[in-house]
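Please open the structure in the viewer and keep the selection panel at hand. The stops below are meant to be taken in order.

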Amino acid sequence: MNLDVVVRGGWVVDGTGAPPFRADVGIVDGRVAILGDLGPAARDEVPGTPGEIGAATVIDASGRYVLPGLIDCHAHGDAAVFEPEIQLAALRQGVTTFVLGQDGLSFAPTTTRAGFDYASRYFAAVNGELPGIDGPTGVSELLAAYDRATALNTAYLLPHGTIRFDVMGAAERRADAGELRVMRERVERGLSEGAVGLSSGLEYAPGRYADAAELACLCEPLGGLPYVTHMRGYGAAAVTGMAEATEIGVRSGAPVHISHYHGPARTLLPLLDDARRRDVDLSFDTYPYLRGSTILAMVLLPPWVPAADPDRAISVLRAEPERLAREWEGFAGLWERITLSHAPGFEWAEGLTLPDAATRHGTDPAEFCRTLLIETRLEAGCVAARPDEGPEGEESVRAILRDPGHTGGSDGIYVGGHPHPRGFGAFARYLGRHVRELGDLTWEQAAVHLASHPARRFRLPERGLLRRGQVADLIVVDPLRVADTATYENPRSLAVGIDDVLVSGVPVLAGGEPTGATPGRALRPS
């Protein structure tokens with residue numbers, strides 16, 4: 001019997017929660033064909049003779065763990081996934097699948113030029129510029145663009161904010177019955193074309209103008225797929241955000257998945273229990289850092305600036321410098337917590353705090369920010385230290401990730417010269433720091449939290465487990481060496497300790513280097 005690939009001599013952590021066990025993994029036609037002791041014939045890097053087992057490619061996993069490929073449940077790689085650098089950054093962390101369409105804001109479905117331009121411009125500092133598509137597009141077309149074009153698999157959430165803007169424009173009000181009917185039709189069509197759920201971004205425009213009734217109506221067609229939400233409040237405000245998310249889950253019957261759940265564990269963990277007591281099927285993702293990252297406009301602009309319409313917003317910023325200055329008078333403590341990650345035309349300021357950038361610009365932080373937002377047409381991104389983590393912040397991260405509803409999500413943003421390091425290190429940090437060093441999760445628990453639980457949540461049954469018949473997305477991990485190296489000062493540094501990765505049975509990372517293969521599939525739920 002000839003195999004395409006054998007991963008020999010490793011300790012398999014299969015994603016079921018079972019302890020690691022010693023086994024060879026034999027792969028044929030992209031799937032796991034054999035899981036067990038293949039004997040000495042399979043250890044030759046040539047096809048076996050008749051009656052024996054051999055393999056064209058042999059990967060020596062001695063002393064290493066073999067896990068199912070990890071699933072990043074919250075990645076802003078909607079455009080960046082096509083970039084070889086970003087693929088490498090993910091693979092070096094063991095990530096083989098990105099879940100895209102996050103925070104209610106992405107490129108499809110759009111039917112109007114205005115809708116596509118909004119989706120491309122408002123979140124440009126997060127999603128980047130989508131190559132190859134320059135106009136209104138549907139979910140099926142977007143998935144076709146991803147399919148076999150990258151080393152990574154992709155799954156796509158329907159973005160509520162994009163759908164809303166495409167139907168209602170920048171309207172700062174509830175949807176009427178006709179608008180709601182059209183939006184629901186868009187959701188139903190997107191699901192039929194392969195989306196894995198619906199996402200919302202309730203601190204961004206226009207998602208912030210939707211109420212729970214609108215969102216529950218749009219969640220009703222999900223049929224067991226999740227409603228994935230950037231809530232209306234986090235940290236101390238998570239009580240409000242979780243109450244709304246719970247209401248939407250109860251009213252619609254949809255599973256609920258909370259994006260980048262962060263804040264004090266003493267507040268957040270009881271909120272999870274409250275939702276579960278109301279029979280909400282609840283999960284969430286986190287990233288293991290104490291700073292966040294987003295668009296600067298969301299952090300700074302008051303509600304009276306029409307951020308969903310960049311042209312109008314810029315006009316207001318030009319016309320109202322005094323009013324803005326008054327709004328920002330109390331921001332003295334905020335300026336120092338913000339570092340610019342992306343500032344087109346002001347690249348010299350990327351990596352600087354706002355006070356430092358303002359000093360170099362020869363002005364104060366408020367006037368510098370007004371100028372920056374105008375000149376970049378709101379396309380500026382930032383990394384921000386959160387004020388409400390408190391001294392127990394690290395302990396909160398540890399307590400929250402131990403919850404059985406937890407999954408991993410980097411919230412990786414890859415745009416700009418100085419992004420948050422989480423896109424380049426979150427999953428390696430989970431394995432190196434929180435599994436090996438701190439023992440917050442065992443290896444078998446990590447495979448569940450980071451692979452099999454996400455696969456179940458987004459109904460991707462052929463991924464997330466390492467067993468016979470499964471698609472062979474797998475990673476080989478050195479448990480003594482795996483670690484993140486990306487820092488706030490050097491955020492694009494690659495992780496170490498994962499040198500061999502297969503996607504659909506094809507080596508995409510070998511000896512720590514990309515092979516150039518692009519077997520990644522656009523995954524659809526089943």
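Begin by selecting the elements that cover the buried residues of α15, which include α10, α11 (310-319), α12 (321-327), α13 (332-335), β16 (338-342) and α14 (354-361). The model is a predicted one. Now add helix α15 itself, residues 365-375: 9 of its 11 residues are buried, so the helix is largely enclosed by the rest of the structure. Which residues of α15 are the buried ones? They are Pro365, Ala366, Phe368, Cys369, Arg370, Thr371, Leu372, Leu373 and Ile374.

Turn next to the largest pocket, which holds about 610 Å³ of space. It is lined by 29 residues, and those closest to its centre are Glu203, His262, Met298, Val299 and Arg386. Colour the lining by class to see 14 nonpolar, 8 polar and 7 charged residues. Helix α10 (296-300), already selected as part of the cover of α15, supplies at least two residues of this lining, as do β15 (291-295) and β17 (381-385).

From the pocket, keep His262 selected and proceed to the enclosed spaces. The structure holds 3 cavities of 30 Å³ or more, and about 80 Å³ of space lies in the largest of them. Which residues lie nearest the centre of the largest cavity? They are Tyr261, His262, Tyr287, Val397 and Ile400, out of 10 lining residues. His262 is thus listed both here and among the residues closest to the centre of the largest pocket. By class, the lining of the cavity comprises 5 nonpolar, 3 polar and 2 charged residues.

Tyr287 leads to the next selection, Asp411. Asp411 touches Tyr287, together with Asp72, His74, His76, His260 and Arg422, when residues up to four places away in sequence are not counted. The position of Asp411 is in the loop between β18 (406-408) and β19 (412-413). Is Asp411 buried or exposed? Its relative accessibility is 5%, under the 20% limit, so Asp411 counts as buried.

Now select Arg92, in the loop between α1 (84-91) and β8 (95-100). Arg92 is also buried, with a relative accessible area of 13%. Display Gly497 alongside Arg92: the two residues are 405 residues apart along the chain, yet their C-alpha atoms are separated by 7.7 Å. Leaving aside residues up to four places away in sequence, Arg92 touches Leu494, Ala495, Val496, Ile498, Leu509 and Gly512.

Two further arginines may be viewed with their aromatic partners. Select Arg291 and Tyr488: the charged end of Arg291 sits over the ring of Tyr488, 3.9 Å from the ring centre. Then select Arg323 and Trp304, where the charged end of Arg323 sits over the ring of Trp304, 3.7 Å from the ring centre.

Finally, show the aromatic side chains. The structure holds 16 aromatic pairs. In one of them, the rings of Phe107 and Phe116 have their centres 6.4 Å apart and their planes at 40°, so this pair is tilted. Both Phe107 and Phe116 are buried. The last selection is Tyr118, Tyr122, Phe123, Phe165 and Tyr204, which together form one aromatic cluster.

Key
Residues are numbered from 1 along each chain as its sequence is written. This is a predicted model: local features need pLDDT of at least 70, side-chain atom pairs count only at pLDDT 80 or more; totals for chains, interfaces and linings use all residues. Side-chain values use heavy atoms; hydrogens and water are left out. Rings of Phe, Tyr and Trp (its six-membered ring) pair if their centres lie within 6.5 Å; planes under 30 degrees apart count as stacked, over 60 as edge-to-face and the rest as tilted. Buried means under 20% relative accessible area, exposed over 50%, partly exposed in between (1.4 Å probe, protein chains only). A charge sits over a ring if NZ of Lys or CZ of Arg is within 6 Å of the ring centre and within 35 degrees of the ring normal. On a 1 Å grid over the protein atoms alone, a cavity is a set of points where a 1.4 Å probe fits but cannot get out, and a pocket is an open set with protein on both sides within 12 Å along at least five of seven lines; lining residues have an atom within 4 Å of a point. Grid points are joined across faces, edges and corners, and a volume is the space filled by probe spheres set on the points. Ala, Val, Leu, Ile, Met, Phe, Trp, Tyr, Cys and Pro count as nonpolar, Asp, Glu, Lys and Arg as charged, and the others, Gly among them, as polar. Helices (H or I, at least four residues) and strands (E, at least two) are DSSP runs, numbered from the N terminus. Contact means heavy atoms within 4.5 Å.
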